[in-house]
Amino acid sequence: MTELRKSLRETVVTYWAAADARDWTAFADTLAAEVVYDLPQTRERIRGKEAFLRFNVEYPGDWRVRTERIVADRDTGQVVTWLRVTVGGEEAQAVSFFTGDGDGRIAGITDFWPEPYEPPAGREHLVERYRPHG
């Protein structure tokens, strides 16, 4: 990889900052032309930069995204992010997996949006409960 080419980690940082700022030009610049976006929980897939850009531009609500953690694997070139997303007064967490195209652009994204739930009874003596931070 040449020094002029962004690392996928840098591209993902730009991607989330652009998404939060609604800077759709900068957002689009992070994407490979044939990007594939997968949502396994809803079994949806979006193919191509234009369709994925439109999906984000048209996404309803006043949402904000904050990156909690980014992990990049230099050997595989993959990046994972843990996010906190706020829509109205509700906060959700998401985990996103990114693959690159070799030129520093995002070629694949898989998003998981887990729902919080109460733990099963019987393990209270083993765990400590905490409040989400925000």
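Guide: A word on classes before we start: Ala, Val, Leu, Ile, Met, Phe, Trp, Tyr, Cys and Pro count as nonpolar, Asp, Glu, Lys and Arg as charged, and the others, Gly among them, as polar. Please keep in mind that this is a predicted model.

Visitor: Thanks! By class, which residues does the lining of the largest pocket have?

Guide: The pocket has a volume of about 1,200 Å³, and 36 residues line it. Glu91, Ala92, Gln93, Pro114 and Pro116 lie nearest its centre. Sorted by class, the lining has three polar, ten charged and 23 nonpolar residues.

Visitor: Which element gives the largest share of that lining?

Guide: The elements that each give two or more residues to the lining are H1, E1, H3, E3, E4 and E5. The largest share is four residues, and the element they come from is E4.

Visitor: Let's step back to the whole fold. In what order do the elements of the protein chain run from the N terminus on?

Guide: The secondary structure comes to three helices and six strands. Read from the N terminus, the elements follow the order α-α-β-β-α-β-β-β-β.

Visitor: Which strands stand at the edges of the sheet, and why is one side of each left without a neighbour?

Guide: The six strands form an open sheet with mixed pairing, in the order E2-E1-E6-E5-E4-E3. A strand with a single partner strand has one side left without a neighbour in the sheet, so the edges are held by E2 (44–47) and E3.

Visitor: By how much are neighbouring strands of this sheet turned against each other on average?

Guide: The sheet in question is the open one that runs E2-E1-E6-E5-E4-E3. With direction ignored, the average turn between its neighbouring strands is 20°.

Visitor: At the E2 edge, which residue in E2 does Tyr37 stand opposite?

Guide: E1 (residues 31–39) pairs with E2 in the antiparallel sense, over four bridges. Opposite Tyr37, in E2, stands Ile46.

Visitor: Which strands does helix H3 touch where it packs on the sheet?

Guide: Two helices are worth following here. H1 (residues 8–21) packs on the sheet against E1, E3, E4, E5 (90–100) and E6 (106–112), with its direction at about 175° to that of E3. H3 (residues 49–57) also packs on the sheet, its direction making about 55° with that of E1, and the strands it touches are E1, E2 and E6.

Visitor: Now the other edge. Which residue is the bridge partner of Val65 in E4?

Guide: E3 (residues 63–73) and E4 (residues 78–87) run antiparallel and are joined by ten bridges. Their hairpin has four residues between the strands, and Gly77 there takes a positive phi near 75°. In E4, the partner of Val65 is Val85.

Visitor: With which residues is Arg69 in contact, leaving aside its neighbours within four places in sequence?

Guide: Arg69 lies in E3, the strand that is bridged to E4. With the sequence neighbours left aside, the contacts of Arg69 are Val80, Thr81 and Trp82.

Visitor: Last one: is Arg43 buried or exposed?

Guide: Arg43 sits in the loop between E1 and E2 and has a positive phi of about 60° although it is not a glycine. Most residues other than glycine have a negative phi. Arg22, in the loop between H1 and helix H2 (24–29), also has a positive phi, near 60°, but at 26% relative accessibility it counts as partly exposed. The cut-off for exposed is over 50%, and Arg43 has a relative accessible area of 72%, so Arg43 is exposed.

Methods
Residues are numbered from 1 along each chain as its sequence is written. This is a predicted model: local features need pLDDT of at least 70, side-chain atom pairs count only at pLDDT 80 or more; totals for chains, interfaces and linings use all residues. Side-chain values use heavy atoms; hydrogens and water are left out. Two strands pair if DSSP finds at least two bridges between them. Axes are lines fitted to C-alpha atoms, for helices over the stretch in contact, and angles run from 0 to 180 degrees between N-to-C directions. Contact means heavy atoms within 4.5 Å. On a 1 Å grid over the protein atoms alone, a cavity is a set of points where a 1.4 Å probe fits but cannot get out, and a pocket is an open set with protein on both sides within 12 Å along at least five of seven lines; lining residues have an atom within 4 Å of a point. Grid points are joined across faces, edges and corners, and a volume is the space filled by probe spheres set on the points. Buried means under 20% relative accessible area, exposed over 50%, partly exposed in between (1.4 Å probe, protein chains only).
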